[in-house]
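Let's walk through this structure together, one region at a time. Keep the 3D view open and click along as we go.

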Amino acid sequence: MTQPQDKKPKKPLEQTLAEALQAAKDLDLQSSRADAVRLAVQTLLLIRGGMNPDLFAKQDRKFNPYPALVKYIRASNTETLGALADDVLRNISPEFITLRSLGLPAEEIYRSDELGQQAMTLLKEETTPLVMLMKRLYQEARGFDEADSASGESPTPSEA
Amino acid sequence: MSPIAFNFGPIARTAAGGRDDTINLASLPLHVLLNALTAATSAEEFIAWLWHDLYKPAFQWAKKNDNDFSWLHIPGIGAFQTAEKIFAARTGIREGLVSTHHFKIKSLPRFQVQEWQVMSDQGDQVNLGSKVNYLQLSIAAEPALATALVRAAIADAFIEVVTRKVAAALQKALRLKGFPIERVRFEFKSVYGRSFSSPFNDSEIWDKVGKHFDVRLDGTTFVMEHVTPLSDTTGIPFDTVFTADLTGKLLTLEELINNTISLSELLVLYQDSRTIIIAVPQSQIYTIDQVKLTQETIAATRKRLNDFDVLTAVKGVDYLQVAFKSQVEIRKVPVEEIEKKRPLEKIVLRPSELMTEARNDPSGQICRLTGTPFTSSLIPSPTSLSDLFSSSFVDTEFTGLVGDISPLAHFYLLNSPNSDGAGKTGVPKRASLRGSFMLLAPASHVAFDEGQAQAIDRPLLDQGGRFANTLSRITTTTQEFTLFQQMSRRIIANLWQSIAPGEPLPLPYLGAIALTHKQAQSIKLLLPKLKQVFTDVTLHVYPFEITVRPAIEVVIETALTDQKHAGKHTLLKTTPRVVTVEPRSTLPLLIDDKVQINVTAELFERAEMLYRLMLSLPRQKRKIRQSDLWLKLILNSSDPITAVFESAQATIDSKKLPKNSSMEHAAFRDAESFWLQYFDTDSPAQSWDAYERQRLETSTTLEQFPAIMLLIRALHDPDTKGSLP
């Protein structure tokens, strides 16, 4: 997972999320669980995208969203993807943001079919590797990551 | 697991003509050396035998009729007409001795013992050579592990004693114009790009090939140079140097691995766990004294057993003498009056014959420890069980042993943990015949697929087309048995070299590794190296190349964390097994007194793979190691990344974390670096697929290989204890 060299955002969060979500949909996986993996990653991106940029603004204690994601997903008692996303996001970033690009995936994860259950199981059992994959997609789309401790970005509300 | 390849020189014998169409795998150096050692009646004949087939590597073949070929190779005849005169003069032998090794010419001298009397059946070897002298060691005992070390020590001692005596006789007899011959070196070189007119003529073959051969004495080394014209050398492993040492000295492992063969290897025709058959020179060179041989073998055995810390005499009773009298026989293999032949398969069963005699003897007994029938006048003194067995003894089926113990098995009882004052305060328990044990010995067996023995080249001078078609069969003579052992010995030597470079094998004349509980650490070091047993072995024997499966007799027993292992008589729980060296092999491994597993290449590879992954997990908190925990987690269906995360959480010392960090952060970093190390690629999809492959492989590991954790610990756990309580 290569860390971006350029420490300034190349694109707004809106565009980042849209591209990362598209990359997740386009993942050409050989796995028999490919559809569930893609849906699980979309769920993670939805949570990641909804995090308030203010979380990353504190200079004294850098916030790293990925261990937090692992922690709260593993701790959650929810049973559906939608409930899980809601539960985790409220724990990490109660004042979450909304982006237009989050609309469609948000709709997709509120489902109760078998695929949704598979993705849910995956997220609960293989949280950490899925977060690795999501992180990679997010960073590639963003060209930069607020979670990078060397980052000096201070996202503005207007971006949100 | 890198493949092993041997090249001891080109083939030396084929049968062609009529319905025969076969080859033998023993190389030219082996063939001529074994002829010289077993058939020569004088130094002159010995030297003549060494170069009697000098020109076989020219591979000049002529067609006689429809299905009959001649291998034109004799110095003094045809293209090589002038060679005999030159080399006979140089080596001080009479002209004619070499050229008549296939034909009788009244006016010319001839070998006293002919080739057909050395290898009585050129095709399949059924009988020992009719005029060859053989010594045989027979140990009348079932191949139980309780007697394995003593049997191996006797075998090693026997080979050493005979080798030293033959070497002394050779040194006395073998002189070329006053100079001793201590070594024989065969050099094989290929040349290509030489064109020949069609049809060939003798003077052309002599000019372009024959005159480039050489025979000479270089110091104390008898040297023969051979040249083989090839149409193209690309991809054909041909050139090699092969050296035989006739001094009887122990060779270094490096020499062995680099194509030097010892006198003991050349002499030993056959060996298994109960019998050794050694060919010795004709009586004009070496006189057999069976009584002296036996006495000296007993003395040499005692020295070895002392070195292994094995008691051989207690309270005035010399148990080694008793064992030799009752269960060990050294004899000259007789020629039977009626058949006048000595079938090999019958001779190797001599130990069984001896046991049958004991079984039928009115005073015969059956050993309660090993099942061996025996007769013995030794009445063991009453022993109390507490002397024989420690308090942690687990083999309850053997309690109550007071009599009916064969003399060889007595060593097992004599050397119990508490025997002869051992086990008391300040005296370590005796563990030479208890606890961890390893024996790797060459076995006179080999397997190969005849169908794979295709000629990889058609020699340039094969004008007759001998190698134009597929050969029908590979046949085995006594000389192939030497070849088979030669490969097994080198594989074992290579294993030993990997953990003890420069050190001789523990039983060097037998070519065996024997390690007792005292060397438990060496056993542990050797275990990971045993992956060499799961490798392909190729024999290059020009113009053929064949995959062979040499055999090794194996016993492996190792304690893991059981501190009282050596007190539990675990040697009674396993038996030696002959395994072949090949990817499909299986190795029996007794882990402790409860668990025995069969190690396969797949199990070995899986264990190695998991161990490689474990190496990147160094955390440890008190006695909990992250790598151990990770292994347990993945074997319990965790994915490898989650297992890193969770094992890190359990082994991170939170007091040592930086102020702005947390357990989750540190564990996540561990998981992330593991991901980056093993799964990261240019493409996120490919990274995930790599992760999934690994997850699938690890998640099925326990199902496929229930003993994987034990094997990983056996192979790699440096803390495994082998010491006595």
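What follows is a tour of chain A, then of its interface with chain B, then of a few spots inside chain B. One thing to keep in mind is that this is a predicted model.

Start with chain A. Its secondary structure is quick to describe, with seven helices and zero strands. If you trace chain A along its sequence, the pattern reads α-α-α-α-α-α-α. Chain A has 160 residues, and 54% of them count as buried. Its accessible surface is about 7200 Å², with carbon and sulfur atoms accounting for 47% of that. How do the contacts in chain A spread along the sequence? Taking contacts between residues at least 6 apart in sequence, 78% join residues at least 24 apart.

Now bring chain B into view and look at where the two chains meet. Here 27 residues of chain A are in contact with 26 residues of chain B. The size of an interface is often given as the accessible area lost when the parts come together. For chain B and chain A, that buried area is about 2300 Å², and carbon and sulfur atoms give 59% of it. Which residues of chain B lose the most area to chain A? They are Phe668(B), Pro684(B) and Trp688(B), which together make up 28% of what the chain B side buries.

There is plenty to look at among the polar groups too. Between chain B and chain A the count is five salt bridges, and nine residue pairs are in polar contact across the interface, with both residues at pLDDT 80 or more. On the chain B side, the elements that give two or more residues to the surface touching chain A are α18 (640-651), α19 (663-678) and α20 (684-699). Of these, α20(B) gives the most, with eight residues. Sorted by class, the side of chain B that touches chain A has 10 nonpolar, six polar and 10 charged residues.

One of the interface salt bridges is a good place to zoom in. The side chains of Glu692(B) and Arg33(A) meet there, with N to O at 2.8 Å. Arg33(A) also has a partner in its own chain, since its side chain forms a salt bridge with that of Glu126(A) at 2.7 Å, N to O. That second pair links distant parts of chain A: Arg33(A) sits in the loop between α1 (13-26) and α2 (34-50), while Glu126(A) sits in the loop between α6 (114-125) and α7 (127-142), 93 residues apart. Are these two buried or exposed? Arg33(A) has 17% relative accessibility, so it counts as buried. Glu126(A) is at 5%, so it counts as buried as well.

Next, move into chain B and find another salt bridge, the one between Arg304(B) and Glu160(B), whose closest N and O atoms are 2.5 Å apart. This pair also links distant parts of its chain, with Arg304(B) in helix α8 (residues 290-307) and Glu160(B) in helix α4 (residues 148-173), 144 residues apart. Both Arg304(B) and Glu160(B) are buried. Back at the interface, salt bridges that share partners join Arg33(A), Glu126(A), Glu692(B) and Arg695(B) into one network. Over all chains, the salt bridges come to 43.

Now look at Glu115(B), in the loop between α3 (81-91) and β6 (133-139) of chain B. With 8% relative accessibility, Glu115(B) counts as buried. Its side chain makes a polar contact with the side chain of Asn35(B) at 2.8 Å. Beyond its neighbours within four places in sequence, Glu115(B) is in contact with residues including Arg13(B), His31(B), His52(B), Asp53(B), His101(B) and His102(B). Asp53(B), in turn, forms a salt bridge with Lys56(B), the closest N and O atoms being 3.2 Å apart. Asp53(B) and Lys56(B) are both buried.

The last stop is Phe80(B), in the loop between β5 (68-72) and α3 of chain B. Phe80(B) has a relative accessible area of 1%, so it is buried. Leaving out residues up to four places away in sequence, Phe80(B) touches several others, among them Tyr55(B), Leu72(B), Ile74(B), Ile205(B) and Trp206(B). Phe80(B) and Asp202(B) are 122 residues apart in sequence, yet their C-alpha atoms are 7.8 Å apart in space.

Conventions
Residues numbered from 1 in each chain as written. Chains lettered and ligands numbered in written order. Predicted model: local features only at pLDDT ≥ 70, side-chain atom pairs only at ≥ 80, totals over all residues. Heavy atoms only, no water. Helix = DSSP H or I, 4+ residues; strand = E, 2+ residues; numbered from the N terminus. Buried < 20%, exposed > 50% of the residue type's maximum accessible area, 1.4 Å probe, protein only. Contact = heavy atoms within 4.5 Å. Areas by Shrake-Rupley, 256 points an atom, 1.4 Å probe, with all protein chains shown as cover. Buried area = accessible area lost by both parts, 1.4 Å probe. Salt bridge = Lys/Arg side-chain N within 4 Å of Asp/Glu carboxyl O. Polar contact = N/O pair within 3.5 Å; in protein donor to acceptor, adjacent residues only side chain to side chain. Nonpolar A, V, L, I, M, F, W, Y, C, P; charged D, E, K, R; others polar.
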